[in-house]
Amino acid sequence: MHEGASEPTKLGLPSHTAACLFDLDGVLTQTAKVHAAAWKQAFDEYLKTLAERSGEPLVPFDAVEDYDKYVDGKPRIDGTRSFLASRSIRLPEGTEDDPPSAETVHGLSNRKNELVLQLLEHGHVNAYPGSLRYLHAVREAGIPTAVVSSSKNCKQVLASAGISDLFDVCIDGNVAEETHLAGKPAPDTFLAAARALTVDPAHAVVFEDALAGVGAGRAGHFGYVVGVDRVGQAADLIRHGADVVVGDLGALLEAP
């Protein structure tokens, strides 16, 4: 920590904090809106085609209810399978190389990803203002930072939100796949971030909004786990292992 920087206690963290490891979606960025919009467009395009063929009425994808029930937090391919199953729609699996126009599970998944990338390219992701203030305070305190996300589009999201330069390490879905890291609730990705920063997990803080992510922080024996409650699940975050829960990271700067 450089001279004159804030102490970890001024950040609402234990005094021994040597690194901060942040989840992406829901903690740093408002990415859920982008994903929901891309899922809706991809599914509605396909549902419209089915309705025209069958003569049945079109029942669009609900960007709130269907998103929460079937796709939120899941790997893309699993989200596609889950929603299609909810509508009793059966498609061939296909392969990862299927074009976005293919009528396969992989094709529809690739269409959704194509739409997400288009939205990211046009700068449609915002960082939460409180998270941005907090990140700058952590950086000013000289504490190393990492972003830990299951998303393979993590770097594009960071660039879209304009916060790429606020992290020393990025452990994303691509790194996890290449190095065979298990996803959350396994602690592997967070542990990889701590190793990359050469910090003992006992001296690192995990910031998560998902129950599985909080569980990963606890399973990895990290020194402190901050739960970020955006959807009214504070009690569940505590039960899964959060040491403290805040509605926004900015609240940690105001902690006594």
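**Exercise 1. Helix α9 and what comes after it**

Find the residue that follows α9 and say what sign its phi has.

*Solution.* Start at the end of the helix: α9 is followed by His221, and the phi of His221 is positive, near 55°. Helices here are DSSP runs of H or I with at least four residues, strands are runs of E with at least two, and both are numbered from the N terminus. Next, step back into the helix, which covers residues 211-219. Its buried residues are Gly213, Val214, Gly215, Ala216 and Gly217. (Buried means under 20% relative accessible area, exposed over 50%, and partly exposed in between, with a 1.4 Å probe and protein chains only.) Last, look at the cover over those residues: it includes α8, β4, β5 and α10 (234-239).

A word on the model before going on: it is predicted, so local features need pLDDT of at least 70 and side-chain atom pairs count only at pLDDT 80 or more, while totals for chains, interfaces and linings use all residues. Residues are numbered from 1 along each chain as its sequence is written, and side-chain values use heavy atoms, with hydrogens and water left out.

**Exercise 2. Unusual backbone spots**

Work out where Ser88, Thr198 and Pro185 sit.

*Solution.* First, a rule of thumb: most residues other than glycine have a negative phi, and most peptide bonds are trans. Now take Ser88, in the loop between α3 (76-86) and α4. Its phi is positive, near 55°, and Ser88 counts as exposed at 67% relative accessibility. Then move to Thr198, in the loop between α8 and β4. Phi of Thr198 is near 50°, again positive, and Thr198 is exposed, with a relative accessible area of 72%. Finally, Pro185 is in the loop between α7 and α8, and a cis peptide bond with omega of about 15° joins Lys184 to Pro185.

**Exercise 3. Ala182**

Decide whether Ala182 is buried, partly exposed or exposed.

*Solution.* Place it first: Ala182 is in the loop between α7 (173-178) and α8 (188-196). With 34% relative accessibility, Ala182 counts as partly exposed. Now check its contacts (heavy atoms within 4.5 Å): leaving aside neighbours within four places in sequence, Ala182 touches Asp188 and Thr189.

**Exercise 4. The nonpolar cores**

Name the residues with the most contacts inside the largest nonpolar core.

*Solution.* Begin with the term: a nonpolar core is a set of buried Ala, Val, Leu, Ile, Met, Phe, Trp, Tyr and Cys residues joined through side-chain atoms within 4.5 Å. The largest one has 37 residues, and Phe22, Leu28, Phe207 and Leu249 have the most contacts inside it. Next, see which elements feed this core: β1 (19-22), α1 (32-54), α4 (105-121), α5 (129-140), α6 (154-161), β4 (204-208) and β5 (224-228) each supply at least two residues. Apart from this core lies another, of 22 residues, including Ala194, Leu197, Val206 and Leu237.

**Exercise 5. Cysteines**

How many disulfides does a search of the whole structure find?

*Solution.* A disulfide is a pair of cysteine sulfur atoms within 2.5 Å, and the search finds zero. Try Cys20: the closest cysteine sulfur, in Cys170, is 16 Å from its own, so it is too far for a bond. Cys170 is in no disulfide either; the nearest cysteine sulfur to it, that of Cys154, is 3.7 Å away.
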